[in-house]
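Student: I am new to this structure. Please take a close look with me at one part, the interior.

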Amino acid sequence: MKLTRLNLTGRCLLLLFLISSASISSFAQSGGSSESIKKLVSALSTRQNTDSLESVYVQFDKTVYGASDTLWYKAYVFDANSLTSPGKSGILHVDVLNAEHAVVKRFLVPLVAGLGWGYLPLSDAGFSAGQYTLKAYTNWMLNFDDRAIFSKVFKVKPDKNADASTALVRNSSSTTSAKDRKVAGSASAQQNYDLQFMPEGGYLVAGVETTIGCKVLSPEGRGISLKGKILNGKGESVADFQTSERGMANFKFKAQAGEKYKASVALAGATNANYSFPEVSASGTVLNVDNHPDSSKLSIFVRRSESLKANHFYLIMACRAGTYAVDVDLSKDTEQMIQISKKKFPTGILHISLLNEAYVPLNDRLVFINHHDFLNLQVATDKDTYGKRDSIGLSINVKDAQSNPIVGSFSMSVTDDNQVADNLVNGNILTEILLRSGVKGDIEDAAYYMENHAEAAGGLDVLLLTQGWTAFDWKGLFTNREMKFKAERFFEIQGRVVGAFGAKSSKKVALLGTKPIFLKDTVTDERGYFIFKNLPPFEYPVFQIRTSNARDKSFDLNIEIDEPQFPDFKIKNIQPKPIIEQVLVPNEELTRLKSFQQKLDGTMLKEVNINAIKTVNNSDNLNGPGQADQVLNEADLKKEGRVTLLEVLEKRIKGFMLTANGARINTQPLKFIFDGMDLEFGQNLSFIDLRNELQGYSIENITGLEVAVNMKYTSRYNFRHQENSHLISYVEGGPSYIEITTRAKKGPFAKPARGMYLYRSLPFSLPLKEFYVPKYHRQKAETEAPDLRPTVYWNPNILTDAEGKASFFFYTTDVAGTYTVVVEGSDMNGNLGFFKRKIKVE
């Protein structure tokens with residue numbers, strides 16, 4: 001085989017397209033495929049500009065909470081190419097899913113220059129103890145693969161178990177560091193280990209040497225260290241490999257034609273387990289990349305088998321700043337090396353693809369270009385150590401890679417290490433924005449790969465070799481595609497006025513809000529379409545939309561609103577990776593303070609507060625106002641946003657189930673009563689019909705739900721709605737009921753009034769309150785409640801001045817130990833920064 005080396009001035013055609021440039025520049029002599037490669041690069045750059053991808057990152061104050069805690073967050077939304085403020089989107093969508101991937105909370109975050117922050121009270125109904133996943137995305141992002149949607153797992157513990165009475169143990173056996181994790185346990189248990197092999201570029205070709213990446217995961221989903229061999233059909237060892245502590249390895253391999261290979265791994269108990277190995281292709285191409293951290297150049301090797309007749313290819317190098325294309329001619333040689341300076345690419349993922357002359361992708365490889373040009377964030381304290389209830393003064397200094405001061409927006413969390421485990425190994429703003437979009441699956445110890453040393457760089461290259469992915473649609477490269485989801489720059493409502501007789505004329509449309517009072521009007525076009533633009537974000541937006549014709553009559557007019565479409569995360573059935581918490585052991589001081597706090601709370605409760613009975617206006621409840629086992633009034637339903645009746649029932653009604661045998665509350669059959677009328681009227685609706693009925697009701701048209709389960713509340717309903725109520729066995733539970741009060745008060749067949757539409761948008765999460773920071777000027781009195789804050793300080797809006805500086809202060813708690821300080825943020829002009837340090841409290 002003969003190897004041909006190509007540099008920028010070598011025998012090939014290399015074209016560069018930069019977003020900031022309006023032209024395509026050539027770096028080599030023109031040649032045979034000049035027009036084809038220009039067409040290819042032009043199509044790629046047009047697609048990049050048209051797609052205008054966006055990236056999202058959300059910082060939490062921590063990831064494990066008590067049931068009565070508040071989750072504090074800061075959201076950053078970027079133009080994915082430039083890492084600047086997004087030019088398209090001004091609204092962020094947030095969905096919170098439970099362990100079954102059902103949405104329990106859905107809200108919007110208004111963005112200013114790509115930034116937004118707020119809080120999520122976990123004491124709201126729906127946040128029982130368990131694991132949750134927060135998904136954050138813009139509407140524009142729904143046009144693309146949902147792997148780009150930001151996802152972060154957090155956990156809610158029962159308050160009785162989240163009592164801050166523990167201290168962190170770093171060396172526990174269940175929190176074994178990556179370096180110490182090896183295969184252990186019985187041989188039968190090893191069958192659950194997942195070992196996969198991935199040839200670099202995608203294929204194993206006979207007679208062509210390539211690199212093989214391998215990845216092994218334990219049953220707990222963690223990478224482990226193990227040794228193994230590659231065996232040929234005769235059982236002979238032809239290669240050895242050993243995975244790192246993170247479960248990855250790579251090794252050179254040259255497959256033989258017609259051979260079948262397998263991997264043999266040594267397991268516990270002196271047993272071996274065999275795993276499948278990629279099949280060998282008789283002919284094809286191989287793509288290898290050398291991205292050595294000490295080299296200023298990227299070396300790309302294109303190889304073909306001797307038997308392959310095709311000899312002309314296109315090598316595409318796409319990054320967030322633009323696209324490079326190389327015309328590769330293998331008519332005389334079977335190998336070719338292309339070298340290019342890494343300086344031509346920004347820090348981040350570089351996607352390398354080899355295409356044939358028909359623009360069909362043959363091989364793919366992702367590499368990470370890391371110039372370590374992140375923001376230099378430094379946080380200084382005014383003292384080395386602090387006491388309890390002591391004032392901590394912090395100063396931030398931010399510079400870019402050239403030591404220039406940076407004006408930017410940053411967020412900071414300070415947490416007590418006694419109560420909050422360090423979970424930042426799972427990622428930060430650098431890994432999420434620059435790396436996550438190019439990796440499928442979880443990234444174990446993600447922050448490690450951004451460290452500035454050769455071992456981390458090598459590990460990152462193997463990570464992308466084994467877990468790199470791309471969702472680029474090469475087939476549709478030369479076609480214009482229609483975007484189903486439009487970008488939401490501002491909050492707006494649009495729809496159409498439809499006349500009963502099809503009259504085509506402009507109609508007046510008014511938009512009225514009551515809390516706060518808001519009024520706006522417009523007119524439709526001749527087709528009846530209208531839009532209200534630039535609406536202010538309200539915490540719970542509820543509007544009444546009215547229309548009338550030229551005679552101010554609305555009897556023949558209906559209003560249709562363009563309802564938003566939401567992603568269905570349930571259909572993929574992807575279970576989030578559990579939070580692996582570090583083991584904690586009792587801390588005497590925290591235990592004593594917690595016990596004292598509980599006693600203090602008990603002595604202060606000297607009287608019983610009787611809350612007012614919750615009622616539903618205009619309800620037909622047979623037992624009287626508020627007389628039910630569970631009541632949701634209009635204020636409760638307003639917080640749910642734009643959801644269906646079925647979604648509220650599943651989320652808010654205790655024990656509710658909809659099965660093939662009908663609706664139930666726990667074990668009791670359930671009947672639905674709308675404004676005093678039975679939904680089924682003696683008929684037994686099928687599962688599908690009942691589900692469709694409940695999904696067909698928007699919660700915005702319902703003002704209250706009252707649930708009757710116990711005999712105290714069900715007896716009157718039995719007498720009214722059961723023909724043989726005297727035969728009901730209450731020992732077996734009897735039926736339960738939900739009294740549903742509709743806004744129109746027309747029973748289960750209520751329809752919206754003509755000329756009027758009640759529109760309830762998703763709620764906006766607004767920063768209406770700030771994180772509470774106590775101020776202490778004296779030591780704690782003996783009878784005073786102890787300060788046990790797990791999140792000691794949270795500030796989502798730190799703005800550095802022209803000198804790149806900012807300063808502030810806060811107070812320590814009543815517990816000695818160490819605090820973890822985390823600062824993340826951006827100048828929203830292409831630069832990202834992350835910093836972590838410790839503070840000691842004595």
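Tutor: Start with a term. A nonpolar core is a set of buried Ala, Val, Leu, Ile, Met, Phe, Trp, Tyr and Cys residues joined through side-chain atoms within 4.5 Å. Buried means under 20% relative accessible area, with a 1.4 Å probe and protein chains only. This is a predicted model: local features need pLDDT of at least 70, side-chain atom pairs count only at pLDDT 80 or more, and totals for chains, interfaces and linings use all residues. Residues are numbered from 1 along each chain as its sequence is written, and side-chain values use heavy atoms, leaving out hydrogens and water.

Now the core itself. The largest nonpolar core holds 59 residues. Leu 92, Val 96, Phe 154 and Leu 435 have the most contacts inside it. Strand 6 (residues 70-79) gives the most to this core, with 6 residues. Helices (H or I, at least four residues) and strands (E, at least two) are DSSP runs, numbered from the N terminus.

Take Leu 435. Its contacts (heavy atoms within 4.5 Å) include Ile 349, Phe 368, Met 450 and Leu 464, leaving aside neighbours within four places in sequence. Apart from the largest core lies another, of 26 residues. Val 643, Leu 646, Leu 670 and Leu 705 are among them.

Leu 646 leads to helix 6, which spans 645-652. This helix is largely enclosed by the rest of the structure, because 6 of its 8 residues are buried. They are Leu 645, Leu 646, Val 648, Leu 649, Lys 651 and Arg 652.

Helix 6 also takes part in a cavity lining. A cavity is a set of points on a 1 Å grid over the protein atoms alone, where a 1.4 Å probe fits but cannot get out; lining residues have an atom within 4 Å of a point. A search of the whole structure finds 4 cavities of 30 Å³ or more. A volume is the space filled by probe spheres set on the points, which are joined across faces, edges and corners. The second largest cavity has about 110 Å³. Val 643, from the core of 26 residues, lines this cavity. So do Val 648 and Lys 651, both buried residues of helix 6. Strand 8 (103-110) gives the most to the lining, with 4 residues. What is the lining like by class? It has 4 nonpolar, no polar and 6 charged residues. Here Ala, Val, Leu, Ile, Met, Phe, Trp, Tyr, Cys and Pro count as nonpolar, Asp, Glu, Lys and Arg as charged, and the others, Gly among them, as polar.

Just before strand 8 comes a loop from strand 7 (91-97), and His 101 lies in it. His 101 is buried, at 6% relative accessible area. Its phi is near 65°, a positive value in a residue other than glycine.

Finish with Glu 739, in strand 46 (residues 736-742). Is Glu 739 buried or exposed? It counts as buried, at 1% relative accessibility. Its side chain makes a polar contact of 2.9 Å with that of Tyr 717. A polar contact is a pair of N or O atoms within 3.5 Å; within protein, one must be able to donate a hydrogen and the other to accept it, and residues adjacent in sequence count only if both atoms are side-chain atoms. A polar atom of the Glu 739 side chain also lies 2.9 Å from the backbone nitrogen of Gly 676. Leu 705 is one of the contacts of Glu 739, and Leu 705 belongs to the core of 26 residues.

Methods:
1 Å grid on protein atoms, 1.4 Å probe; cavity = no way out; pocket = protein on both sides within 12 Å on 5 of 7 lines; lining within 4 Å. Buried < 20%, exposed > 50% of the residue type's maximum accessible area, 1.4 Å probe, protein only.
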